[in-house]
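User: I'd like to learn how to read salt bridges and pockets. Can you take me through them step by step?
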Amino acid sequence: MLHDPLTGLPGHALLLDRLEQSLIRARTRGTLVTLVLVTGPDDLLRTAKALRQNLRPDFTVARCGDAVLAVLAEHDFGDGSPIAELIRQLAGEGPHVHWVTSDGDAEPEQVLRTARTPPERH
């Protein structure tokens, strides 16, 4: 299933495809990819709506688990912390925010595993 039926967001499979394409662009263009995971939002639908409405339209907001939302962003420089901070603010106080930035020298599943692994970054 490419889209999550509850939120209408891209699902896990589509997120992995977009992540793979982003990593390829990062390798070939010298850009960066940041993946931010929001885990445990109290109100999944509210959080998903806030992310979709307030983030750049070229960012991918996806649902990749029961209570996990993901944001995929491509950018030219930095470590991704401003993106993660904005998402943390939009998600509110309850959820945990984990993130990782890659220059494209990783496989999609590896990037996803790294983003899921603490320590939590703020």
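Analyst: Keep in mind that this is a predicted model. Start with one pair: Glu-74 and Arg-25 form a salt bridge, with their closest N and O atoms 2.5 Å apart. The two partners come from distant parts of the chain, 49 residues apart. Glu-74 sits in strand E3 (residues 68-75), and Arg-25 sits in helix H1.

User: Why does Glu-74 count as partly exposed?

Analyst: Partly exposed lies between the cut-offs of 20% and 50% relative accessible area. Glu-74 counts as partly exposed because its relative accessibility is 24%. Arg-25 has 25%, so Arg-25 is partly exposed too.

User: How many salt bridges does the structure hold?

Analyst: The structure holds four. One of them joins Asp-4 and Arg-63, at 3.1 Å from N to O. This pair also links distant parts of the chain, 59 residues apart. Asp-4 lies in the segment before helix H1 (12-29), and Arg-63 lies in strand E2. Both Asp-4 and Arg-63 are buried. Asp-58 and Arg-56 meet in a salt bridge as well, at 2.7 Å. Arg-56 has a relative accessible area of 42%, so Arg-56 is partly exposed.

User: Now pockets. What is the general idea?

Analyst: Rolling a probe the size of a water molecule over the atoms shows where empty space is left. Here, the largest pocket holds about 150 Å³ of space.

User: Which residues line the largest pocket?

Analyst: Among them are Gly-8, Arg-18, Leu-51, Phe-59 and, once again, Arg-56. Helix H2 (44-54) and strand E2 (60-65) each supply at least two lining residues. By type, the lining has seven nonpolar, two polar and three charged residues.

Methods
Residues are numbered from 1 along each chain as its sequence is written. This is a predicted model: local features need pLDDT of at least 70, side-chain atom pairs count only at pLDDT 80 or more; totals for chains, interfaces and linings use all residues. Side-chain values use heavy atoms; hydrogens and water are left out. On a 1 Å grid over the protein atoms alone, a cavity is a set of points where a 1.4 Å probe fits but cannot get out, and a pocket is an open set with protein on both sides within 12 Å along at least five of seven lines; lining residues have an atom within 4 Å of a point. Grid points are joined across faces, edges and corners, and a volume is the space filled by probe spheres set on the points. Helices (H or I, at least four residues) and strands (E, at least two) are DSSP runs, numbered from the N terminus. Ala, Val, Leu, Ile, Met, Phe, Trp, Tyr, Cys and Pro count as nonpolar, Asp, Glu, Lys and Arg as charged, and the others, Gly among them, as polar. A salt bridge is a side-chain nitrogen of Lys or Arg within 4 Å of a carboxyl oxygen of Asp or Glu. Buried means under 20% relative accessible area, exposed over 50%, partly exposed in between (1.4 Å probe, protein chains only).
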